[in-house]
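Student: I have a model open and want to test the labels people put on it. Can we go through them one by one?

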Amino acid sequence: MSIISFILVQVAEKKLPGSILNSGPVWKTISIRNRVGSYLRRRCISCSGVRLQFFDHRCIHETIPEFRDLNPTLENLAGFLFRNMKKTLNEMRASAQLTRLRLSEGQKTWVDILVEEAKEILFLTRSYSLQAVHRHHNPDLSWEENLSLYNKCSALHGHEYTIEVTVEGAVDIQTGLVMSRGEMDETVRKNIIEPYGLTYLNDLMGNTSGEVLTEKWSEILRGVWGSLFSYLVVRETRKNSFVEADRGVSAALLLS
């Protein structure tokens with residue numbers, strides 16, 4: 001049985017002409033975390049008939065008519081919630097648009113539906129852990145210069161990296177998946193975890209900064225999956241997260 005532990009919703013609302021709030025940006029964004037939040041739970045969810053209690057400890061095949069012939073995967077559940085919330089929100093406030101929904105299955109897997117240029121894009125993300133040691137060191141600099149440039153990171157130290165791998169694409173009609181979890185896990189294990197885990201990273205690559213690791217691992221997975229690969233987030237510490245300055249900047253939630 002899957003446990004849906006987290007729903008995030010973003011709503012963009014266009015300011016009406018003549019409003020006292022009409023100066024500044026045209027759109028405002030409302031982020032609602034932790035089980036949708038009171039606004040959408042009271043107004044959007046209950047009005048659309050997608051009440052959360054309908055899902056809780058229920059067999060979705062029997063509870064929701066749409067899923068009697070539809071595989072209740074995380075991707076399909078997210079799409080169902082997005083469509084119903086979008087419809088209800090539009091009926092409630094014509095000026096408001098649903099711009100993002102995240103549905104998480106535990107802490108390791110989640111689906112985002114993001115609206116970009118009026119197009120709905122579905123992202124599937126899996127989170128992995130990798131332990132390794134390294135140091136920031138430029139061999140052309142003296143010990144004192146390295147210490148001044150990299151501070152304490154110039155000394156040998158280790159991290160338990162969190163690597164969030166995201167693919168994007170259409171949901172397969174037969175399986176209800178963008179990509180099988182087994183395929184994602186095996187690809188990441190074979191190409192990232194085993195070659196780089198429990199190693200001294202400086203032996204494998206010259207520069208081991210979070211920026212370089214993110215670019216390197218993204219390049220590897222893009223070479224395997226092609227256009228299915230979307231972006232990769234590397235979380236080095238609670239304060240340091242990295243993502244490529246392309247798709248990931250608009251899609252990733254670095255502080256989530």
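Student: How many helices and strands are there in the protein chain?

Tutor: The model is predicted. Its protein chain has seven helices and eight strands.

Student: How confident is the predictor in the protein chain?

Tutor: The average pLDDT is 80. A score of at least 70 is reached by 74% of the residues. Strand β2 (residues 27–32) has the lowest confidence, a mean of 36. The highest belongs to α5, at 98. Over residues 16–50 the pLDDT is below 50, yet this stretch has 72 contacts in the model beyond near neighbours in sequence.

Student: What share of the residues count as buried?

Tutor: Of 256 residues, 43% count as buried. The label requires under 20% relative accessible area. The chain exposes about 14500 Å², with 51% of that supplied by carbon and sulfur atoms.

Student: What makes β4 "mostly covered"?

Tutor: Count its residues. Six of the eight in β4 are buried. Each of the six is therefore under 20% relative accessible area.

Student: How do you know which strands β4 pairs with?

Tutor: Pairing needs at least two bridges. β4 has eight bridges to β5, and six bridges join β3 to β4. Both counts meet the cut-off, so β4 pairs with β5 and with β3. Each pairing is antiparallel. L114 stands opposite I121 in β5, and L103 stands opposite V111 in β4.

Student: Which turns link these strands?

Tutor: β3 and β4 form a hairpin with three residues between them. G106 in that turn has a positive phi of about 75 degrees. β4 and β5 form a hairpin with two residues between them. There E117 has a positive phi of about 55 degrees.

Student: How many bridges join β5 to β6?

Tutor: Twelve, and the strands run antiparallel. S129 stands opposite T162 in β6.

Student: Why is one set of residues called a nonpolar core?

Tutor: The name fits because its members are buried nonpolar residues joined through side-chain atoms within 4.5 Å. The largest such core has 42 residues. V165, W217 and W225 have the most contacts inside it. Elements giving two or more residues include α3 (74–92), β6 (157–168) and α6 (210–225). α3 provides the largest share, eight residues. Another core, of five residues, lies apart from it, and L114, I121, Y231 and V233 are among its members.

Student: What does W225 touch, leaving out residues up to four places away in sequence?

Tutor: V165, V167, M179, E183, M184, T187 and V188. Touching here means heavy atoms within 4.5 Å, so each of these residues has such an atom pair with W225.

Student: What share of the contacts with a separation of 6 or more joins residues 24 or more positions apart?

Tutor: The share is 59% in the protein chain.

Key: Residues numbered from 1 in each chain as written. Heavy atoms only, no water. Helix = DSSP H or I, 4+ residues; strand = E, 2+ residues; numbered from the N terminus. Buried < 20%, exposed > 50% of the residue type's maximum accessible area, 1.4 Å probe, protein only. Areas by Shrake-Rupley, 256 points an atom, 1.4 Å probe, with all protein chains shown as cover. pLDDT = per-residue confidence, 0-100.
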